[in-house]
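Trainee: I am new to this structure and would like to go through it slowly, with a reason behind each answer. Could we take it up as questions and answers?

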Amino acid sequence: MTHEDYMREALSLAKKGMGFTSPNPMVGAVIVRGGEIIGRGYHKKYGDLHAERSAFAYCDENGIDCKGADMYVTLEPCCHHGKQPPCTEAVIAHGIKRVFVGSSDPNPLVAGKGTQILRSHGIEVTEGVLKEECDALNEIFFHFITTGLPFVTMKYAMTLDGKIACYTGESKWITGEAARAHVQQERLRHSAIMAGVGTVLADDPLLTCRLENGRDPIRIICDSSLRTPLDSNIVRTAKQVPTIIATISGDSARAAEYEASGCRIVKTAPKDGHVDLSALMKLLGSEKIDSILLEGGGELNWSALREGIVSKVQAYIAPKLFGGSGKTPVCGTGVPLPSEAFMLEKCSVSAIGDDILIESRVKNVHGNN
């Protein structure tokens, strides 16, 4: 096996923590001696053992001596005390000879200090092994740790002629089962899911994660005038699934009804008659909500783009044509000139069942690399 093969194994392990490590990164580690993997570990959940210590724990429990072995880890080992002690200390104590690192850690508490400490103790460090893949794994963490703001992914499903619903408003279903299952993975990966009151009124969604052994994201409903029905699925299940209603309304009696049902009301100053999305992101970021899957309609999507809070766009495209005057993914007033379009970059295209997923980063968003 090559260095890349071992790092791919570490990446595979890291992904097992998806949805449970936030606001920490997903990290995997393998320990290798004589061409064989003798230990594996990953960060299972926030507050639990980091990947390196998880791998060492396996070796210790099974009487495996790590002295002189190599370690492959997807992210630079930490060197500070948090929920767990520094991983650099464990690497040194176990006599690891060489460490191969995927991503550098942008956390100011680490940021090169981890590898520096290892080298100062005579450990050979090689950085950048499968760097692109390791960086992609933790795009949410990298954005959040450097900006303090949630990483917002704008997701929508549309037909090949750009419609998210028929002229009647019907939208179930545009994409196939495989694409819809992929969306559930994205709901698990993100800390929160956000939609507008228009989506609630039109579809009465639950906005939960329907994966076995999954975790429901925090639900955020942008509802400037508090129009969300009290008998909607969102409100009825608010005591089971954390639910935030963001508003500019000063109707305290109406707000109290939502709060009695288990919702949390968050009020921002009005901006163009609606919730101030930039202010909302700062508030959510201060509460360690590191990522949001935006499943809004065209108006909310436009507002999010205009406010510059979108980091990534996921467009699921179905091989169908609706025609007519059906809704489109991004509405609003739009840009006046092609030269003023919101530019996307780092595009990737993948087939999911009969559908196509195009993923792109929004260019020039604060914190995007």
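What follows is a conversation about the cysteines, salt bridges, surface charge and backbone of this predicted model.

Trainee: How many disulfides does the structure hold?

Mentor: A disulfide is a covalent bond between the sulfur atoms of two cysteines. For a pair to be counted here, the two sulfur atoms must lie within 2.5 Å, and the sulfur of C78 is 3.7 Å from the closest cysteine sulfur, in C87, which is too far for a bond. C263 is in no disulfide either, since the nearest cysteine sulfur, that of C222, is 14 Å away. The number of disulfides in the structure is zero.

Trainee: Is C78 buried or exposed?

Mentor: A residue counts as buried when its relative accessible area is under 20%. C78 has a relative accessibility of 7%, and C263, with 5%, counts as buried too. For C78 the word is therefore buried.

Trainee: Which residue does D70 meet in a salt bridge, and where in the chain does that partner lie?

Mentor: The side chain of D70, a residue of strand β3 (residues 70–75), comes to 2.7 Å from its partner, counted from N to O. The pair links distant parts of the chain, 28 residues apart. D70 is buried, with a relative accessible area of 10%, whereas its partner is partly exposed, with 26%. That partner is R98, and its place is strand β4 (residues 98–103).

Trainee: Which helix holds both D135 and K131?

Mentor: The side chains of D135 and K131 meet in a salt bridge, with 2.9 Å from N to O. The two residues are four residues apart, about one turn of the helix, and K131 is partly exposed, with a relative accessible area of 41%. The helix that holds them both is α5 (residues 131–137).

Trainee: How many residues apart are R306 and D272?

Mentor: R306 forms a salt bridge with D272, and the closest N and O atoms are 3.9 Å apart; that value falls within the 4 Å that a salt bridge requires. R306 lies in helix α12 (residues 298–306), while D272 is in the loop between β11 (270–271) and β12 (274–275), so that the pair links distant parts of the chain. R306 is partly exposed, with a relative accessible area of 41%, whereas D272 is exposed, with 59%. Along the chain, their separation is 34 residues.

Trainee: How many salt bridges does the count come to?

Mentor: The pairs D70 with R98, D135 with K131 and R306 with D272 are among them. There is also a network of salt bridges, which links E139, E186, R189, K312, E359 and R361. The count of salt bridges comes to 16.

Trainee: Which residues gather in the patch of negative charge on the surface?

Mentor: A residue can belong to such a patch if its relative accessible area is over 30% and it has no salt bridge. D203, one of the members, lies in helix α8 (residues 197–203) and is partly exposed, with a relative accessible area of 33%. The patch is made up of E170, D203, D204 and D231.

Trainee: Which residues are joined by cis peptide bonds?

Mentor: Most residues other than glycine have a negative phi, and most peptide bonds are trans. One cis bond, with omega about 5 degrees, leads to P23, in the loop between α1 (3–14) and β1 (28–33). Another, with omega near -5 degrees, leads to W173, in the loop between β6 (151–159) and α7 (177–189). The residues joined in this way are S22 with P23, and K172 with W173.

Trainee: What is the phi of L130?

Mentor: L130 is in the loop between β5 (124–126) and α5, and it is buried, with a relative accessible area of 11%. D272, which is not a glycine, has a positive phi of about 55 degrees, and this residue is exposed, with a relative accessible area of 59%. L130, also a residue other than glycine, has a positive phi near 55 degrees.

Terms used:
Residues numbered from 1 in each chain as written. Predicted model: local features only at pLDDT ≥ 70, side-chain atom pairs only at ≥ 80, totals over all residues. Heavy atoms only, no water. Patch = residues over 30% accessible without salt bridge, like charges linked within 9 Å, V, L, I, M, F, W, Y side chains within 5 Å. Areas by Shrake-Rupley, 256 points an atom, 1.4 Å probe, with all protein chains shown as cover. Lys, Arg positive; Asp, Glu negative; His and termini not counted. Charge placed at Lys NZ, Arg CZ, Asp CG, Glu CD. Buried < 20%, exposed > 50% of the residue type's maximum accessible area, 1.4 Å probe, protein only.
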